[in-house]
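Colleague: I would like to learn how to read a structure like this one. Could we go through it together, feature by feature?

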Amino acid sequence: MTTRLSLFNSPLLLGFDQFERTLDRIAKNSAEGYPPYNIEQIGDDGLRITLAVAGFTSDDLSVQIEDNQLVIRGRQTDDKSRVYLHRGIAARQFQRSFVLAEGIEVVGCSLDNGLLNIDLTRPMPEPKVRTIKIEQPKKSAGGAMPRTIDVSADGKDG
């Protein structure tokens with residue numbers, strides 16, 4: 001049996017299970033190398049993902065959001081009428097996924113000179129402060145505080 005070391009197993013980090021699953025998914029996808037891509041910041045709240053998709057037309061590409069993932073797929077078909085003496089550029093298909101943080105939106109997509117640009121916006125969250133009221137235990141009708149009685153397993157009061 002192997003024990004898995006987790007970054008999120010601290011008792012101070014509650015509810016981060018989804019982040020851990022997302023990191024696992026990212027680690028599995030990071031091994032793929034085609035097509036190459038850049039991610040750049042454009043403005044204070046904007047991002048641009050650029051994929052090098054030379055030889056693909058807009059009909060060969062699809063860009064979709066599936067749950068919290070941006071999924072780009074490319075599918076080229078072989079032109080059977082061509083006779084190649086040397087084939088160094090293969091017609092290939094690909095799928096590239098990017099996990100999007102909560103609130104990130106795709107605002108545009110364009111194909112220019114073999115580069116697919118996908119523009120995203122990341123709205124800046126407003127800080128939230130909330131005060132939680134501390135409740136006092138209710139008193140019983142006689143004015144006394146309710147009391148807990150421990151009962152042992154053999155039925156005798158302890």
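Colleague: Let me begin with the second largest pocket: which residues lie nearest its centre?

Modeller: Happy to help. A word on the source: this is a predicted model, where local features need pLDDT of at least 70 and side-chain atom pairs count only at pLDDT 80 or more, while totals for chains, interfaces and linings use all residues. Residues are numbered from 1 along each chain as its sequence is written, and side-chain values use heavy atoms, with hydrogens and water left out.

Modeller: Now the general idea. Rolling a probe the size of a water molecule over the atoms shows where empty space is left. On a 1 Å grid over the protein atoms alone, a cavity is a set of points where a 1.4 Å probe fits but cannot get out, and a pocket is an open set with protein on both sides within 12 Å along at least five of seven lines; lining residues have an atom within 4 Å of a point. Here, 15 residues line the second largest pocket, and Gln-76, Arg-82, Tyr-84, Arg-87 and Ile-89 lie nearest its centre. Its space comes to about 250 Å³, a volume being the space filled by probe spheres set on the points, which are joined across faces, edges and corners.

Colleague: How do the residues of that lining divide?

Modeller: Into five nonpolar, five polar and five charged. Ala, Val, Leu, Ile, Met, Phe, Trp, Tyr, Cys and Pro count as nonpolar, Asp, Glu, Lys and Arg as charged, and the others, Gly among them, as polar.

Colleague: And what sits over the ring of Tyr-84?

Modeller: The charged end of Arg-87, 4.5 Å from the ring centre. A charge sits over a ring if NZ of Lys or CZ of Arg is within 6 Å of the ring centre and within 35 degrees of the ring normal. Arg-92 also lies over a ring face, that of Tyr-34, at 3.7 Å from the ring centre.

Colleague: How many aromatic pairs are there?

Modeller: A pair of aromatic rings is described by the distance of the centres and the angle of the planes. Rings of Phe, Tyr and Trp (its six-membered ring) pair if their centres lie within 6.5 Å; planes under 30 degrees apart count as stacked, over 60 as edge-to-face and the rest as tilted. By this rule there are three aromatic pairs. Tyr-37 and Phe-98 have ring centres 5.1 Å apart and planes at 85°, so this pair is edge-to-face. Tyr-37 is in strand β1 (residues 37–41) and Phe-98 in strand β5 (residues 93–99), so the pair links parts of the chain 61 residues apart.

Colleague: Is Phe-98 buried or exposed?

Modeller: Buried means under 20% relative accessible area, exposed over 50%, and partly exposed in between (1.4 Å probe, protein chains only). Phe-98, at 8%, is buried, whereas Tyr-37, at 37%, is partly exposed. Phe-56 and Phe-94 form another edge-to-face pair, 5.3 Å centre to centre with 85° between the planes. Phe-56 lies in the loop between β2 (46–52) and β3 (61–66) and Phe-94 in β5, so the pair ties together parts 38 residues apart in sequence. Phe-56 is buried at 6%, and Phe-94 is buried at 8%. Ring pairs also link Tyr-34, Phe-56 and Phe-94 into a cluster.

Colleague: How many helices and strands are there in the protein chain?

Modeller: Helices (H or I, at least four residues) and strands (E, at least two) are DSSP runs, numbered from the N terminus. The chain has one helix and seven strands. Two strands pair if DSSP finds at least two bridges between them. β1 and β2 pair in the antiparallel sense over five bridges, with Gln-41 partnered by Leu-47 in β2. Seven bridges join β2 to strand β7 (residues 115–121), again antiparallel. Five of the seven residues of β2 are buried, so this strand is largely enclosed by the rest of the structure.

Colleague: Which phi does Asp-67 have?

Modeller: Most residues other than glycine have a negative phi, and most peptide bonds are trans. Asp-67 has a positive phi of about 55° although it is not a glycine. Asp-67 is in the loop between β3 and β4 (69–75) and is exposed at 79% relative accessibility.
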